[in-house]
Each structure stands twice: as structure tokens, then as C-alpha cells.
Amino acid sequence: MANEFLAVTDGTFTLSETEKKNQFYFYRNDGEVLIGIDHEPMDLYQTYIMHKIASGEIDHVVMNNICFETSDDGKCIRLTIYGIGEEPTKSNDLNESKKNPSFIKRLLDKIFG
């Protein structure tokens with residue numbers, strides 16, 4: 001029996017669990033390049049967390065650091081969730097991905113004002 005991964009969507013974008021714990025892929029449902037992304041990854045991550053809380057899988061406060069990596073073709077963002085105080089590790093399995101600090105800065109500015 002294959003593992004089933006939870007995915008949440010808003011009709012345009014999808015956030016899907018991966019084989020690795022605390023790692024997600026964010027992409028457009030039509031397979032196009034991610035252009036002008038603002039708060040959408042975090043909105044879907046919040047929906048994911050709320051689903052886990054509602055189903056009883058999470059029963060505590062969720063506070064994490066999130067690392068964003070974009071694929072070379074710009075069609076996928078990998079979100080990796082780290083506990084507070086944990087150090088993110090670099091990974092090369094997302095098309096030799098690289099961090100996009102301007103995206104992260106914009107996202108954090110949007111979330112925290």
C-alpha cells in the first residue's frame with residue numbers, strides 16, 4: 001500500500017506533503033511558473049496546520065522556522081519546517097535549489113507587518 005500524502009489547495013495552488021517529515025512542495029495546479037507569489041504558500045500552510053489541529057493530529061502550539069527553496073525552473077517551492085533554534089540544512093534535491101531571500105523577506109514582511 002502506497003503512502004498517501006495530505007495536500008491542500010485553493011484551486012490555483014497546492015501545498016503537498018512529501019516523503020520527508022516537515023517538508024512540503026508548493027506549486028501551481030496548471031504547472032506554470034510561480035510568478036508574483038506573495039502570501040499564498042503561508043496561507044496554504046496555515047490551512048494544512050488547521051486541518052491537522054481539527055483532526056486531532058496536532059494538539060499544541062505550532063511555532064516554527066520555515067526555509068523556502070525554489071526549483072531552477074521556477075515551478076515549485078519546497079518548504080522545510082524547522083523547530084525554533086534548529087539550523088536549516090542545505091539540500092540539493094530540488095534541481096540544485098537556491099534560497100530566495102527577497103521572497104522570504106517579502107513573505108515575513110507580509111506576515112509580521
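1. Let's begin with R78, which is buried, at a relative accessible area of 0% in this predicted model. Its side chain meets that of E69 in a salt bridge, with 2.9 Å from N to O. What about the partner, buried or exposed? E69 has 6% relative accessibility, so it counts as buried too, falling under the 20% cut-off. If you are browsing the model, this charged pair is a good place to pause.

2. The structure holds four salt bridges. Some of them share partners, and in this way E17, K52 and E57 are joined into one network. Within that network, E57 pairs with K52, and the closest N and O atoms are 2.8 Å apart. The two ends of this bridge are worth viewing side by side: K52 counts as buried, at 11% relative accessibility, whereas E57 counts as exposed, at 52%.

3. Another bridge links D30 to R28, where the closest N and O atoms lie 2.8 Å apart. Here D30 is partly exposed, with a relative accessible area of 45%. R28 has 22% relative accessibility and also counts as partly exposed, because that class runs between the 20% and 50% cut-offs.

4. Now for the nonpolar interior. Nonpolar side chains tend to be buried together in soluble globular proteins. In this model the largest nonpolar core has 17 residues, and those touching the most other members are L15, F24, F26, Y45, Y48 and L79. Which elements give two or more residues to this core? They are β2 (13-17), β3, α1 and β5 (76-83). The element that gives the most is α1, with five residues.

5. Y45 deserves a look of its own, being among the core residues that touch the most other members. Setting aside neighbours within four places in sequence, Y45 is in contact with L15, F24, V62, N64, I66 and I81. Two of these partners, L15 and F24, appear in that list of core residues as well.

6. Helix α1 also holds a charged residue, E40. Is E40 buried or exposed? It is buried, with a relative accessible area of 18%, so it falls under the 20% cut-off. Beyond its neighbours within four places in sequence, E40 is in contact with F13 and F26. F26 is one of the core residues named above.

7. Next, a pocket to explore. The second largest pocket has about 360 Å³ of space. It is lined by 19 residues, and K21, N22, Y48, I49 and I58 are the closest to its centre. Y48 also belongs to the nonpolar core, among the residues there that touch the most other members.

8. As for where that lining comes from, β3 and α1 each supply at least two residues. The largest share, four residues, is from α1. What is the chemical make-up of the lining? It divides into nine nonpolar, five polar and five charged residues.

9. A last stop is I35, in the loop between β3 (23-28) and α1 (40-54). I35 counts as exposed, because its relative accessibility of 68% is over the 50% cut-off. In sequence, I35 and K75 are 40 residues apart, while their C-alpha atoms are 8.9 Å apart in space.

Terms used
Residues are numbered from 1 along each chain as its sequence is written. This is a predicted model: local features need pLDDT of at least 70, side-chain atom pairs count only at pLDDT 80 or more; totals for chains, interfaces and linings use all residues. Side-chain values use heavy atoms; hydrogens and water are left out. Buried means under 20% relative accessible area, exposed over 50%, partly exposed in between (1.4 Å probe, protein chains only). On a 1 Å grid over the protein atoms alone, a cavity is a set of points where a 1.4 Å probe fits but cannot get out, and a pocket is an open set with protein on both sides within 12 Å along at least five of seven lines; lining residues have an atom within 4 Å of a point. Grid points are joined across faces, edges and corners, and a volume is the space filled by probe spheres set on the points. Ala, Val, Leu, Ile, Met, Phe, Trp, Tyr, Cys and Pro count as nonpolar, Asp, Glu, Lys and Arg as charged, and the others, Gly among them, as polar. Contact means heavy atoms within 4.5 Å. A nonpolar core is a set of buried Ala, Val, Leu, Ile, Met, Phe, Trp, Tyr and Cys residues joined through side-chain atoms within 4.5 Å.
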